[in-house]
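Work through the following exercises with the sequence and the model open side by side, and try each task before reading its solution.

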Amino acid sequence: MKIRVIQGPNINLLGLRDPAMYGVMTMEQIHENMKLVCDQAGIEIEFFQSNYEGEIVDKIQECTQGVDGIIINPAAYTHTSIAIADALSSVHLPTVEVHISNIHAREDYRAKSMTAAAATGVIAGFGPMGYHIALLSMIQVFEQIKAARAAAEKK
């Protein structure tokens, strides 16, 4: 199984950007922790970060070639990007949306996620640990898919 982690704008500034809101872990540290879990679980993982909406859409579309699931933090595009939501809906892959902060406890405009409806699930407000929760959730989704396929083969 292969997971692609897609990070939106300013996630590359984690560790520097408002540590009271986002914590002190860097994006690279979060990715390294995720890679350790995937190595233990026998899952391939790759990472992508962009500050540009079109690049994120392109990377989502590329997931149709050999990627089994997406973990995405669309960041500020969460609240504005119909294009990212449409891309997620179009690839038909299990997707977990992650937010470091609780977007529902922040400014009103941050409470609405344009992309959440295209996700299998959303994790928000657990800081960098949210990525670990997303990874565990994706592993569970993979197990459910595998069990469903095995059951279908028995019929």
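**Exercise 1. Find which residue of strand 5 is the bridge partner of glutamate 97, and describe how strand 4 and strand 5 run.**

Solution. In this predicted model, the partner of glutamate 97 is valine 122, which belongs to strand 5. Stepping back from this one pair to the two strands, strand 4 and strand 5 are joined by 4 bridges and run parallel. Glutamate 97 itself is buried, and it shares one side of strand 4 with Thr95 and His99, which are buried as well. On the other side of the strand lie Val96 and Val98, also buried, and both faces of strand 4 are therefore covered, given that buried means under 20% relative accessible area. Counted along the strand, 5 of its 5 residues are buried.

**Exercise 2. Place the strands in their sheet: in which order do they lie, and what is the sense of the pairing?**

Solution. The sheet is open and has 5 strands, which lie in the order 2-1-3-4-5 with parallel pairing. Its edges are formed by strand 2, residues 44–49, and strand 5, residues 121–124, each of which pairs on one side only. From one strand to the next, the twist averages 15 degrees. A helix also lies against this sheet: helix 2, residues 27–41, touches strand 1, strand 2 and strand 3, and its direction makes about 165 degrees with that of strand 2.

**Exercise 3. Analyse strand 3: how many of its residues are buried, and which strands does it pair with?**

Solution. Begin with burial: strand 3 covers residues 69–73, and because 5 of these 5 residues are buried, the strand is largely enclosed by the rest of the structure. The side chains divide between two directions, with Gly69, Ile71 and Asn73 pointing one way and Ile70 and Ile72 the other. Next, take the neighbours in turn. With strand 1, residues 2–7, strand 3 pairs in the parallel sense over 5 bridges, and within this pairing isoleucine 6 has isoleucine 72 as its bridge partner. With strand 4, residues 95–99, the pairing is again parallel and runs over 3 bridges, and here isoleucine 71 is matched with valine 96. Between strand 3 and strand 4 the chain passes through helix 4, residues 82–91, in a β-α-β crossover that is right-handed.

**Exercise 4. Describe how helix 3 and helix 4 pack: what are the angle and the distance between their axes, and which residues make the contact?**

Solution. The axes of helix 3, residues 53–62, and helix 4 are 9 Å apart and meet at an angle of about 5 degrees. Since angles under 35 degrees count as roughly parallel, helix 3 is roughly parallel to helix 4. On the helix 3 side, the contact is made by Glu53, Ile56, Val57, Ile60 and Gln61, while helix 4 contributes Ala83, Ile84, Ala87, Leu88 and Val91. Sorted by character, these contact residues comprise 8 nonpolar, 1 polar and 1 charged.

**Exercise 5. For histidine 31 and valine 37, decide whether each is buried or exposed, and list what each touches beyond its sequence neighbours.**

Solution. Histidine 31 is located in helix 2, and its relative accessible area of 9% makes it buried. Leaving aside residues up to four places away in sequence, histidine 31 touches Val5, Gln7 and Phe47. Valine 37 also has its place in helix 2, and with a relative accessible area of 17% it is likewise buried. With the same exclusion, valine 37 touches His132, Leu135 and Ile139. One of these, leucine 135, is 98 residues away from valine 37 in sequence, yet the two C-alpha atoms are 8.3 Å apart in space.

**Exercise 6. Compare the surroundings of aspartate 18 and alanine 75: where in the chain is each found, and what is the phi of each?**

Solution. Most residues other than glycine have a negative phi. Aspartate 18, which is not a glycine, has a positive phi of about 35 degrees, and it is placed in the loop between strand 1 and helix 1. Its relative accessibility is 40%, so aspartate 18 counts as partly exposed. Alanine 75, also not a glycine, has a positive phi of about 55 degrees and is found in the loop between strand 3 and helix 4. At 13% relative accessibility, alanine 75 counts as buried.

Technical notes:
Residues numbered from 1 in each chain as written. Predicted model: local features only at pLDDT ≥ 70, side-chain atom pairs only at ≥ 80, totals over all residues. Heavy atoms only, no water. Buried < 20%, exposed > 50% of the residue type's maximum accessible area, 1.4 Å probe, protein only. Pairing = 2+ DSSP bridges. Right-handed = clockwise from strand over helix to strand, strands pointing away. Axes fitted to C-alpha atoms, helices over the stretch in contact; angles between N-to-C directions. Parallel < 35°, antiparallel > 145°, perpendicular 65-115°, else oblique. Contact = heavy atoms within 4.5 Å. Nonpolar A, V, L, I, M, F, W, Y, C, P; charged D, E, K, R; others polar.
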